Amino acid sequence: MKKQRNILIVLLLTLVSTSWGQQTPASVQKEAITITGVTAHIGDGTVVENCTIVFENGKITALGQGETTKGTVIAANGKHVYPGFIAPVKELGLIEVNAVRASNDSDEIGEMIPHVRSLVAYNAESKVVESMRPNGVLLGQITPKGGRISGTSSIVQFDAWNWEDAAVKVDDGIHLHWPNSFRRGRWWLGEPRGLKPNKDYQKQVDKVSEFLTSAAAYGNGKGTSLNPAFKAMQGVFQGTQKLYIYADGEKEIIDAISGAKNSGVSDIVLVGGYHAYKITDFLKENNVPVLVQYTHNLPSLADDDYDLPYKLPKLLMDAGVLVALQNNDASNFQTRNLPFYAGQVVGQGMDKEKALQMITGNTAKILGIDATYGTLAVGKSATLFISEGDALDMRTNQLTHAFIDGRNVSLETHQTELWKRYLGKYEGK
Amino acid sequence: MKIKLLGLALLWCASTLVAQDYFPENDGVKSKNNNYTAFTNAKIFVTPTQIIEKGTLLIQNGKVKQVGASVTLPKNTVVIDVTGQSIYPSFIDIYSKFGVEQAKRAPGRGRASQYDASRDGFYWNDHVMPENNAISKFKYDDKKAKTLRDAGFGVVNSHIHDGIVRGTGVLVALNSTGNDGNRILDDQSAQYLSFSRSVAKRQSYPTSLMGSMALLRQMYTDAKWYAAGNSSTKDRSLEALNKNKNLVQIFEAKDKGHALRADKIGDANGIQYTILGGGDEYERIEEIKGTGASFILPINFPETYDVSNPYAANMIALKDMRHWNQAPSNPKVLADNNIRFSLTTYDLKSPAKFKEKLMKAIQYGLSKTKALEALTLAPAAILGKTNRIGSLQAGREANFLITSGDIFEKGTILYENWVQGSKNNINDRNLKDIRGTYDLEAGGLTYSMSITGEAGKPKIAIKQDTNKLKSKITYANNWLTISFNDTEQKSYRLTGLVSKDTDNFKGRLLLPSGKEKTFSAMKTSGFSKDKKEGKKGNSVPEMVGVTYPNVGFGYANKPKPETILFKNATVWTSEADGILQNTDVLLKDGKIAKIGIALKAGKAKVIDATGKHLTAGIIDEHTHIAALAINEAGHNSTAEVKMEDVVDNEDINIYRQLAGGVTSAQLLHGSANPIGGRSAILKLKWGESPEKMIYTNSPKFIKFALGENVKQSNWQSFSRFPQTRMGVEQVFMNYFQRAKEYDIKKNSGQAYRYDEEMEVLAEIINGERFISCHSYVQSEINMMMKVAEKFNFRVNTFTHILEGYKVADKMAKHGVGAGTFSDWWAYKYEVNDAIPYNAAIMQKQGVIVAINSDDGEMARRLNQEAAKTVKYGGMTALEAWKMVTINPAKLLHIDKRVGSIKVGKDADVVLWSDHPLSVYAKAEKTIIEGATYFDMETDQQQRTAVSQERNKLIHMMLKEKAGGGKTQAPKMSKKEQMTCETL
């Protein structure tokens, strides 16, 4: 009886919150919430059927079959629960509308500007950010773009009043775009549009190495005048920040990882890695995980298998590399398709739970937030959602609830509001 | 004796300076030289096929007087005995820049475009310049003439290589002793054209290949109209064009596809162009032959790629590797197909490279007779000048080559290149070949000496016992000078005249002490060529096969329709009967023949489809793949351009989209202007020509566009109307009004100027052509419908239409359909209110809705995009599926032929591994008109084949490099991924 009343309350709450619209972030979890009867996709490759999940004060306190319910109960029989999906290396909240320059804060001028920090420009009220939630994407790594070293990223959750509230991990990593050994023809000068060897490649690589060496040396010195760029790099030498290196070619990847290691960088993450599948042993020897390009991509080379981008994550994972998916070169709005990028790999023969790891558990591990996020486990943050069906498939990714740190966040957006408004227009409501 | 020689030489000079008879002479007394010169005992190639083994060539006053096995020599004949040597007509290059000042690139002015012409009294488009005459920019270039003569050329035809219509050329004999009075053979030799804009002019139009094509079409009809006296103003371009009408018309295509494009324009206007080829004609030789055109072929065969770095080698596409391997066979393939062609030095770094490339063509099977023809008779015939050049028949210009033997052999020496009876020495004809090994007696010691290298530029090695001595040789005019250092580094110098009569030679020796002695050299053995070289020269190198298209994943044989029976499939009909379980579908003669239970197989190929899903092929209402150009952005209305003109059947995206189940697509013009170009509706028949990919009796479509793109909002451009949505309406109103008036005038029987653009717009008003209109916000959508209603037609389709949900009721009333994205938004200001529920809302209001791509990547998983309408807006699976099959077919007016599984429709079907809306589903087979264009199993075989062929070619290239062949850096020829906004 009590249980039923609780359900009613939740239902009412849901209805009410619908009419509020989403702009208001959910308040802190006050009462325990229990979800029952679900297939729990843990995010570490395992599943718990008919699962009960209890969370209190934003943390999961119980998870398993037959756990005792507590507080508000959401009977979600036959539904699925997933950890909130995590979108790495994105400009969400830094760009609102791509073509409107005034709404773009993603790319500061300068080649080596690790001291430039994304977090302070992150717009927690972005309409694009809120559109992530109805698809289960609840966390992201907000990352500056452009130049050789673009700046410092931070990890945020997607339901906050401001950037300070949004922050999950501040200044988590530095982003280095490795030079390319091939360069595009300057077609506007009459050169062919294709790629040709970049004669300056080694020069550009040397410049990066010099910067890293100088930054490391700076950290060893005392009393020198402040160099903001060098100072910002210290975390990657001290092991408190990760260095995200963007590279796709075999040569570039080997140069980048060897170069960074030689300069004393301890935590390296490879971003992109189009040809990483050819050098998985090298990646494993160096213990480098890969944030691999998303599957909804065209092959880069004319003679590549048509489905190479679809199976690329699988090729890496099968070889034993720690892999997660990213879509850094896609428009922000596309990031809500993160689950479907993972679904695409399933079509290539990957186990669904493994595919899920690439947008949850693995991502958290690579970003260094796995103590709190990425998987469903007692003691971890209750950042999760309930879907009517398989959340990796477009047809069944239908969210009924989403929680961030136990807070029952709105699934409404600018878009759902317009939808409802115009349904009303036509249906006379 | 010596004086006599000098006298002869002077005579020669005099004979070539043919002063015009009627010119006064003030530097001496007038004298004429009417002597004859005879070359006797030569092997003479009068024409490539008329060869005199031992004959005489008699010339006088720069012309051939007589040629034959026995020629009676007049008494005043200077006889030159060339026993053992060969005489050929000198070569002709009719695609040259020789001596003509070329156009200089205009400095850029950023993105500020110039839309109007910069000239008065000429054609409205600056890139049309038939009034240009190469002769007015001609200045004989002595230095270049020499390099051309050294390569065997005697006559070139030169022009200004700039613009779409380039004016006339000038035919020049490379006669450096004469003057323009005698070496200019013709100053109106041909008219030249191309698809390329002038680099010197900045007028925007045309920005694209299809714009160039439309411009040429319009220009030709304007010229006729002008000739009939209809113009009230003077147009010196059209006048020149009409004047040049009877000249040979030479079109710079530089690409097999462009050759066919040019030929089509020519055919429509009663012109047979001669075409400058691209060296890739072998890939589509049947169609090339069908043009009936003569070709001018460059032979700049690609250098070997340097593939020693495997990472870099990865970047080179199989297509480019193959072209390296196959291109040298191009001249042979044209010859085998009886296509007349001439060869040109065009695009070669220097004429000095010509022979090397020519030898390669011969090595790849071009017959020597054809090679000679392509350099002499054929170019002469193309220009209609066989009575003056191209052979050594009596009366022709005395332009000929004297060689040591077969001119198409590697070791053969070109001695002399005579132009208009004037001798040009290239290598000393009388120079004795002294190559061989000798015993050298000098200063009381015997050395062994070997002379190698080229006969005219020998190399030397001298040994004392086994010690190699530092030595040098120079050899000219039969005088030999040698110096060497002995083991103590003391130098010896030798010089002497080589006698014709003996193989040995002797002369003056200067000892290190300064004492003068004599030396002698006794020949011990003759010179023999490198063995390796001899072998390499003769065998035809291995060639890989040509595929359809000739790129990676092309098919060795074009797919053919088969009779196929799918057994026990889940059939998504996209018709009223919805989904049929455990059903058989028979494909026969390219059509869907039967649908039913337990159908009899007969001779059909049976495919067990148990557990699989069979659907109609996906139709993409909005694509930009398979195109060479997307936007003609030079005007705000470009209804005259056609996407059908620029279909690229080699785009690998065609194959990739087949792998995503797509069988048909509308290739749309971009959104750079309110009135864009006409569409091409395609079947993705990978391997077929563009013509065969385009729908037969294709419905007529045109692209319109609204909003930010046509206002040029997102880049710095402020000069073109319209800059606001208010202006956009006015553009339409104005053009439709003009089209209406045009149509009325045309139908009234009055004389009118044919205007392709107006013709197309009139088709729209008359309901014969349909609009696919790029649109975003509700105001402009409504505006467009109102404009159409004012002119009594309806808009057929709004594409993108992201705010369609706001005016769906109005759209349904107007009767317009929608092709939209599933979930795109936030990329520009006008898509701020775009919502993924758009498709569902519009559909519910009775609008026919399709989900389209406008994106080469998304197009290969349109099934998933359709599935998003289930998530956003709760569409049923059946309705969702229709959005990528029968609905787009309806929008494109091809629903009677495709879009559903229905007996009698085209057999365009896809077999899916899973529920077709599932993210997990894969297209296993994609069939168009009964022919399997994609098959997952075949694809696996293709992958292996591609990688094996790459490997094979890489090894061939490595071998070529190891053998000392020239290399070029690896490159990746990348096709741009195009969208609406690609300029």
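Among contacts in chain B between residues at least 6 apart in sequence, what percentage join residues at least 24 apart? The share is 67%. The legends below concern a predicted model.

**Figure 1. Overview of chain B in the predicted model.** Chain B has 983 residues, of which 51% count as buried. Its secondary structure consists of 25 helices and 45 strands. Taken along the principal axes, the box filled by the C-alpha atoms is roughly 110 × 70 × 55 Å. The chain is divided into domain 1 (91-104 + 119-418), domain 2 (436-526), domain 3 (557-617 + 899-940) and domain 4 (618-898). Between the C-alpha centres of domain 1 and domain 3 of chain B there is a distance of 50 Å.

**Figure 2. Confidence along chain B.** The average pLDDT of chain B is 93, and 96% of the residues score at least 70. Residues 6-17 of chain B have a pLDDT below 50; beyond near neighbours in sequence, the model gives this stretch 13 contacts. A second stretch, residues 531-536 of chain B, stays under 50 as well. For residues 531-536 the model has one contact beyond four places in sequence. The scores of the model are ipTM 0.94 and pTM 0.93.

**Figure 3. The contact between chain B and chain A.** Chain B supplies 54 residues to this contact, and chain A supplies 43 residues. On the side of chain B, the elements that give two or more residues are helix H8 (310-314), helix H9 (318-326), H15, helix H22 (862-871) and helix H25 (936-962). H22(B) gives the most to this side, with five residues. By residue type, the side of chain B that touches chain A divides into 29 nonpolar, 10 polar and 15 charged residues.

**Figure 4. The surroundings of B:Glu632.** B:Glu632 is placed in the loop between strand S33 (618-623) and helix H15 (652-658) of chain B. Is B:Glu632 buried or exposed? B:Glu632 counts as buried because 33 other C-beta atoms lie within 10 Å, where the cut-off for a buried residue is 20 or more. Leaving aside neighbours within four places in sequence, B:Glu632 is in contact with B:Pro206, B:Thr207, B:Ser208, B:Met210 and B:Gly211, and also with B:Thr638, B:Val641 and B:Gly677. B:Lys746 stands 114 residues from B:Glu632 in sequence, and the two C-alpha atoms are 27 Å apart in space.

**Figure 5. Strand S43 of chain B and its two partners, S42(B) and S44(B).** Strand S43 (residues 923-928) is mostly covered, since six of its six residues are buried. Strand S42 (residues 909-912) of chain B pairs with S43(B) in the antiparallel sense over four bridges. S43(B) also pairs with strand S44 (residues 931-935) of chain B, again antiparallel and over four bridges. Which residue of S43(B) is the bridge partner of B:Val909? The partner is B:Ile927, and B:Ile927 in turn has B:Thr932 as its bridge partner in S44(B). The hairpin of S43(B) and S44(B) has two residues between the strands, and B:Glu929 takes a positive phi near 45° in this hairpin.

**Figure 6. A four-stranded open sheet in chain B.** The strands follow the order S6-S7-S9-S10, and their pairing is mixed. Why is one side of strand S6 (91-96) and of strand S10 (184-186) left without a neighbour in the sheet? Each of these strands stands at an edge and has a single partner strand, so one side of each has no neighbour. On average, neighbouring strands of this sheet are turned by 25° against each other, direction ignored. S6(B) and strand S7 (residues 153-158) of chain B run parallel and are joined by four bridges. Within this part of the sheet, B:Ser158 in S7(B) stands opposite B:Ser96.

**Figure 7. A nine-stranded open sheet in chain B.** The strands are ordered S22-S21-S20-S19-S27-S26-S25-S24-S23, with antiparallel pairing. Strand S22 (467-469) and strand S23 (471-476) of chain B are the edge strands, each pairing on one side only. The average turn between neighbouring strands of this sheet, direction ignored, is 25°. Strand S26 (residues 505-510) and strand S27 (residues 516-526) of chain B form an antiparallel pair over six bridges. B:Phe505 has B:Ala521 as its bridge partner in S27(B).

How values were computed
Residues numbered from 1 in each chain as written. Chains lettered and ligands numbered in written order. Predicted model: local features only at pLDDT ≥ 70, side-chain atom pairs only at ≥ 80, totals over all residues. Buried ≥ 20, exposed ≤ 12 C-beta atoms within 10 Å, placed from the backbone. Contact = placed C-beta atoms within 7 Å. Domains from an automatic or database assignment. Nonpolar A, V, L, I, M, F, W, Y, C, P; charged D, E, K, R; others polar. Pairing = 2+ DSSP bridges. Axes fitted to C-alpha atoms, helices over the stretch in contact; angles between N-to-C directions. pLDDT = per-residue confidence, 0-100.
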